[in-house]
Amino acid sequence: MRPEFGMKRVEWPGDPGVEFHLSHGDWIRALRRSGFEIEDLIALRAPEDAKTRYPFVTHEWARQWPYEEVWKARKKG
């Protein structure tokens, strides 16, 4: 629903929190600059029986994209 490129800082109306989103390339560069080696990237997919609370997202659409990612990185040295 939103572009991946240039998104970076996201604030939602009525929510005091702030989210930060980087592209995969930006994450890789940031981790490497900080001395980390990337060991794995796990993209989690919504299960077949998943339900949504968002009326604008269908189950079929949501299963096309990871709903969460787990980055596994280890500090070098």
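In this predicted model, Y67 sits in the loop that runs between helix 2 (59-62) and strand 4 (68-75). With a relative accessible area of 52%, Y67 counts as exposed, because the cut-off for that label is over 50%. Setting aside its neighbours within four places in sequence, Y67 touches L44, R45 and A46. As for E48, that residue is 19 residues away from Y67 in sequence, and the two are 13 Å apart in space, C-alpha to C-alpha.

Y67 also turns up in a patch on the surface. Together with I42, L44 and V70, Y67 makes a nonpolar surface patch of about 340 Å². I42 comes from strand 3 (residues 36-44) and is partly exposed, at a relative accessible area of 38%.

Next come the aromatic rings. Searching the whole structure turns up three aromatic pairs. One of them brings together W27 and W71, whose ring centres are 6.4 Å apart with the planes at 40°, so this pair is tilted. The two partners come from distant parts of the chain: W27 belongs to helix 1 (residues 24-33) and W71 to strand 4, with their positions 44 residues apart. W27 is partly exposed, at 34% relative accessibility, and W71 is partly exposed too, at 23%.

Y54 and F56 make up another tilted aromatic pair, with 5.6 Å from centre to centre and 50° between the planes. Here the labels for exposure differ: Y54 is partly exposed, with a relative accessible area of 40%, whereas F56 is exposed, at 53%.

Terms used. Residues numbered from 1 in each chain as written. Predicted model: local features only at pLDDT ≥ 70, side-chain atom pairs only at ≥ 80, totals over all residues. Heavy atoms only, no water. Patch = residues over 30% accessible without salt bridge, like charges linked within 9 Å, V, L, I, M, F, W, Y side chains within 5 Å. Areas by Shrake-Rupley, 256 points an atom, 1.4 Å probe, with all protein chains shown as cover. Salt bridge = Lys/Arg side-chain N within 4 Å of Asp/Glu carboxyl O. Helix = DSSP H or I, 4+ residues; strand = E, 2+ residues; numbered from the N terminus. Buried < 20%, exposed > 50% of the residue type's maximum accessible area, 1.4 Å probe, protein only. Contact = heavy atoms within 4.5 Å. Phe/Tyr/Trp six-rings, centres within 6.5 Å; stacked < 30°, edge-to-face > 60°.
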